Amino acid sequence: MTVLEKQTALPGAPGGEQHRGHRRRVRRLSGWSFVRVLFMLALVVVFATPLLWMINNSLRTEAAIAADPLGLAGPRLELDNYAVAGEAVAPFFLNSVKLAVLNVVGVLLIGALAGYAFARMQFPGKGVLFAVVLATAIVPGIVYLIPQYALFQQLGWIDTHLPLWVPRVLTPVFATFLLRQAFLGLPRELEDAARIDGAGTLQIFFRVMIPQVKPALAAVGIFTFIESWNDLFGPLIFLNSTSLQTLPVALALFRGEFFTTVSTLMAASTLTVAPVLVVYLFAQRYIVEGITSSGVKG
Amino acid sequence: MSVLTEPTASAVARPERRRQRRRAALQGWAFVAPLVIGIAVFQAYPLLVSLWASFHSWDGFTTPTWIGLDNFTAMPADELLVNSVKITLLFTLGSIPLTVVLALLLAVLCNRGGRISSSFFRTAYFTPYVTSIVAISLVFTQFFAPEGVINQVLGLVGIDGPEWLADSTFALVAVIVVAVWQGVGYPMVILLSGLQAIPKELYEAADVDGASPPARFFRITLPLLTPQLFFVLITQFILSFQIFGVVFVMTSGGPGNATSVFIYYVFQNAFSFGQLGYASAMAWAMFLFIVALTVIQLRLQKKWVFYA
């Protein structure tokens with residue numbers, strides 16, 4: 001860089017002037033970029049404050065919160081709140097984990113099968129079917145929920161966990177779309193080579209194709225996990241028994257019953273958010289890739 | 001020799017090929033079968049039941065009775081419904097411009113700078129999007145308390161803050177703030193991917209021509225970002241009409257009915273008031289409205305969306 005600048009600066013006055021102008025602009029830009037980074041950090045504070053406040057107050061006593069609502073003094077590592085909240089939250093936590101596992105495994109399997117079929121197999125009705133799959137994305141959830149309630153009543157599914165995973169697993173619209181894109185991006189030679197070696201369709205699918213789309217599978221898995229964990233409507237409408245409730249909905253419904261203090265409520269909220277946050281921070285790359293490829297190509 | 005064998009070979013190959021094609025079709029259908037069953041049972045059938053229910057008076061227990069278009073004609077006279085539509089439109093009017101402008105700002109900021117810093121900021125701004133709306137709303141309920149964090153901070157600069165969630169005007173403002181704070185990450189990532197796809201040569205050419213930063217933004221960045229902006233607008237409209245979680249946890253539609261948004265009112269009719277027919281009619285009305293709005297937006301896109 002410096003060598004280049006020296007070289008351009010060497011030949012006479014006009015080049016020198018250009019060079020000086022260039023340097024001035026570089027310095028001004030770096031001043032701007034300092035302001036920009038400061039501004040971006042200020043925005044990080046805005047976006048992080050509610051979550052930090054939640055974690056901070058989950059580690060303080062009720063008296064400390066009342067005396068200093070902003071919590072600038074920082075946490076006191078008051079783990080009693082977590083003892084209280086953890087005991088109340090544990091059964092709901094397990095319900096949420098169970099449903100998340102069922103949903104992730106199911107959506108990945110059914111979504112990958114359908115995505116592969118739409119990307120690589122020839123069968124009559126394929127185009128129409130794919131259009132139908134995409135069209136379902138525009139229907140507001142509330143339109144389905146009311147008749148689904150009647151349907152599950154007839155099936156005897158109300159107040160069981162079935163309505164919270166069977167429909168989601170069998171209608172993996174986003175997963176189908178995303179995995180179709182991923183399979184479309186693979187070279188055909190992969191399958192052809194395996195077929196010449198005498199592999200059947202299922203073998204090719206599980207042994208050859210699935211390992212090639214791991215990033216897309218990760219994106220789908222993470223999205224499904226988050227969606228299943230944070231689901232509000234489903235548990236709210238289809239469950240009656242307290243013992244079956246999921247963590248976020250239990251938090252919304254029974255907050256007055258179980259968590260009478262701000263500190264325990266914030267501990268319970270932290271426990272509700274923690275699994276998703278951990279998964280997100282470790283796998284955020286896949287989330288971004290997932291959103292980007294589901295959006296529009298410019 | 002070849003003259004002799006070729007016809008027989010193709011005579012054998014034709015049924016063989018047909019059998020192969022049939023096998024491939026069967027395999028294809030087997031692969032999509034779970035999805036087809038799922039869409040038929042849990043989406044298509046409910047959609048039809050919902051349409052059927054919207055022409056009936058139905059409490060979910062007794063036999064529904066056919067009432068024709070009564071559910072639909074009753075809507076304009078339902079003051080609570082009209083109120084909920086107004087509030088939903090106010091929410092949309094407040095949240096969409098804020099979300100889109102903020103998402104654009106964040107995306108432009110993240111697009112500058114190195115890969116590591118850019119990914120750090122993107123991660124930070126996107127975090128609220130993945131967190132449970134219940135937990136978030138509980139935290140913000142504390143923030144918007146009369147003596148809560150927001151009013152404490154406002155007090156530091158000499159502003160006497162309102163009683164947010166207990167105030168019929170400011171409760172909706174609070175709902176908008178939480179919704180924007182939580183929802184801005186998704187459009188930001190979409191817009192950022194659009195920004196990253198803009199060829200660097202265009203900016204270099206603009207530099208050579210001595211274009212000012214605003215000219216670069218309005219003449220290069222914004223036009224080339226219109227496909228992503230269009231996608232963001234469509235999805236934001238669909239999402240903001242369906243706002244529910246924040247209202248359910250933070251305000252329960254109150255104070256009075258000041259934050260009783262449309263979906264909250266439909267939800268109450270269906271699962272609290274036992275008006276499944278009427279609720280279905282309202283849900284269908286919203287569905288048709290969203291379809292109409294999306295079609296209009298698709299038509300209008302020719303006027304402003306720039307496809308390179």
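The exercises below, each with a worked solution, concern a predicted model.

**Exercise 1.** Find how chain B is built from helices and strands, and decide whether its radius of gyration fits the globule rule.

*Solution.* Begin with the secondary structure, where chain B shows 13 helices and two strands. Next, take the radius of gyration of chain B, which is 27 Å, and set it beside the 19 Å that the globule rule, 2.2 Å times the number of residues to the power 0.38, gives for 308 residues. Since the value for chain B is well over that of the rule, chain B is more spread out than a compact globule. Finally, look at the extent of the C-alpha trace of chain B, which spans about 100 × 75 × 35 Å along its principal axes.

**Exercise 2.** Locate the domains of chain B and state what separates their centres.

*Solution.* First read the bounds: domain 1 of chain B covers residues 2-53, and domain 2 of chain B covers residues 70-304. Then take the centres of these two domains over C-alpha atoms, which gives a separation of 43 Å.

**Exercise 3.** Describe the contact between chain A and chain B, and say which element gives the largest share on the side of chain B.

*Solution.* Start with the two sides, to which chain B gives 74 residues and chain A gives 67 residues. On the side of chain B, the largest share, 20 residues, belongs to helix α1 (residues 2-53). Last, sort the residues on this side of chain B by class, which yields 51 nonpolar, 20 polar and three charged.

Note on methods
Residues are numbered from 1 along each chain as its sequence is written. Chains are lettered from A and ligands numbered from 1 in the order in which they are written. This is a predicted model: local features need pLDDT of at least 70, side-chain atom pairs count only at pLDDT 80 or more; totals for chains, interfaces and linings use all residues. Two residues are in contact if their C-beta atoms, placed from the backbone, lie within 7 Å. Helices (H or I, at least four residues) and strands (E, at least two) are DSSP runs, numbered from the N terminus. Ala, Val, Leu, Ile, Met, Phe, Trp, Tyr, Cys and Pro count as nonpolar, Asp, Glu, Lys and Arg as charged, and the others, Gly among them, as polar. Domain bounds come from an automatic or database domain assignment.
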